[in-house]
Amino acid sequence: MLRNSSVSSSLPVAAAAAKVLEANWTGTATVPSRGLYPHQWSWDSAFIAIGLRHISALRARRELETLLAAQWGDGRVPHIVFNPGVPAGAYFPGPAFWRSSTAGATAGAPGGAETSGIVQPPVHALAAWLVHRADPVGSWRAGFLPRIYPRLLAWHRYLREERDLGGHGLAASLHPWEPGMDNSPCWDAPLARVIPAPADSFRRADLSHGAGADRPTDLDYGRYVALATAYRDRGYADTPSLKSPAHPFAVEDPGSNALFAASEHALAEIALALGADPQPHLRRAARITRALAGRLWSAADGLFLVRDLRADALVPQLSAAGLLPLAVPGLQPALAAALARTATGPHFAAGSGLIPSYDLTSPAFSPTRYWRGPAWFNVNWLLERGLRLHGYADRADALRAAAVRTAYATGFAEYADPHTGDPRGSRDFSWTAALTLDLLT
Ligand code: 2M8
């Protein structure tokens, strides 16, 4: 067990992690990585704030408030906030593609910042609550919770009212970038309906920073670009256009909705702290949790699946997103027990001790290609938390030790080969460093 028993050996790890976060800090927020992702990303910032709170609660609060300052009038929190100081072409698709301040004007995109127009999983309320608890005195002095609570309320309202395309209480994702697991095999079938943008109509920037074999394919990118272009050209309007079959990709993702439920629980804590009524949040958390169980649970597989809303069918792919409901406090004990078994069974038990992003036994599994198998540290942090929450302390301890060991050994890699623990993607990756710090503290 790392906590308490090996504090002295964890000091170099903590120092190295803090150095990564220092180097990736821009003055108002943290980039995921200096080369590959030179702007601010939504769920990255939430995970980063969770680690940053151990070094500087002030900076952690700033991280979240910088992101939420770019929130749109309709409540959406954009998945990227662009740094105007970064040269055009450093990242694709950049501000010239998304054109938020003009194309998103009707949806209330801010005039003073350029952002993307899609969203990422809502882990922000959970992060805000953890950041507050790290330094309650400083947080109250700064007026953090009173300022951030209305923004978080608007964000959750957006997901609840504008994104419940299935009509059963779950937020839908309309682009593979939204659940954060870009090229997961879960998207292969729904994405096959999308006619890709011509390869010569855009230029990828990611291949200058990472090995092509570790990244999504050109065909994936053509489809990502086509979907985002269509959404932008409809003014980023969610209803009724997304309800129509004209938008071919619409899915209910168990990972995003698990974080939605966990964040409603966090909002209940924030409401209590502010002297507001926590009950509406607890009711919403219970509704999402029921909908997860009712619409996405697969008893035969022992985990949650993605629902393809266009086909109105579950996607038979076992991905780590389907284990993430373990992080929901109100999950039924029987489902939590099944998830704990699946996470440590043949589909997910890998040599590194980390849980891979995708089913080890499937022909679509790859140990190196991005979200098609490699182990990711945010996913493992959430599962460590979930295992502990539901009473599986020994498995949580083992996962924690594997995560800290591999994060340090890989130079805080973006992701790792789940069998060997070898580094993949970029190094000095912010959420890997931040969540390692959190696991150590
Ligand atoms: C990856 O996604 C971006 C697009 O949002 C990309 O590949 O360019 C994903 O791993 C995503 O989950 C993450 O938030 C982002 C930045 O780290 O990179």
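A residue counts as near a molecule or strand if its C-beta atom, placed from the backbone, lies within 6 Å of it. The model is predicted: local features need pLDDT of at least 70, side-chain atom pairs count only at pLDDT 80 or more, and totals for chains, interfaces and linings use all residues. Residue numbers start from 1 along each chain as its sequence is written.

**View 1. Residues around the ligand.** The ligand is surrounded by Pro 32, Tyr 37, Trp 41, Trp 43, Asp 44, His 79, Trp 177, Gly 180, Asp 182 and Asp 206. This shell has 5 nonpolar, 2 polar and 3 charged residues (Ala, Val, Leu, Ile, Met, Phe, Trp, Tyr, Cys and Pro count as nonpolar, Asp, Glu, Lys and Arg as charged, and the others, Gly among them, as polar).

**View 2. Helices H2 and H3.** Helices (H or I, at least four residues) and strands (E, at least two) are DSSP runs, numbered from the N terminus. Helix H2 (residues 42–52) packs against helix H3 (residues 57–69) at an angle of about 165 degrees, their axes 8 Å apart (axes are lines fitted to C-alpha atoms, for helices over the stretch in contact, and angles run from 0 to 180 degrees between N-to-C directions). H2 is therefore roughly antiparallel to H3, a term for angles over 145 degrees.

**View 3. The loop at Gly 85.** Gly 85 lies in the loop between strand E2 (80–81) and helix H4 (95–98). Gly 85 is exposed because 8 other C-beta atoms lie within 10 Å; exposed means 12 or fewer such atoms within 10 Å of its own, with C-beta atoms placed from the backbone. Its C-alpha atom is separated by 9.9 Å from that of Pro 38, 47 residues apart along the chain.

Technical notes: Buried ≥ 20, exposed ≤ 12 C-beta atoms within 10 Å, placed from the backbone. Parallel < 35°, antiparallel > 145°, perpendicular 65-115°, else oblique.
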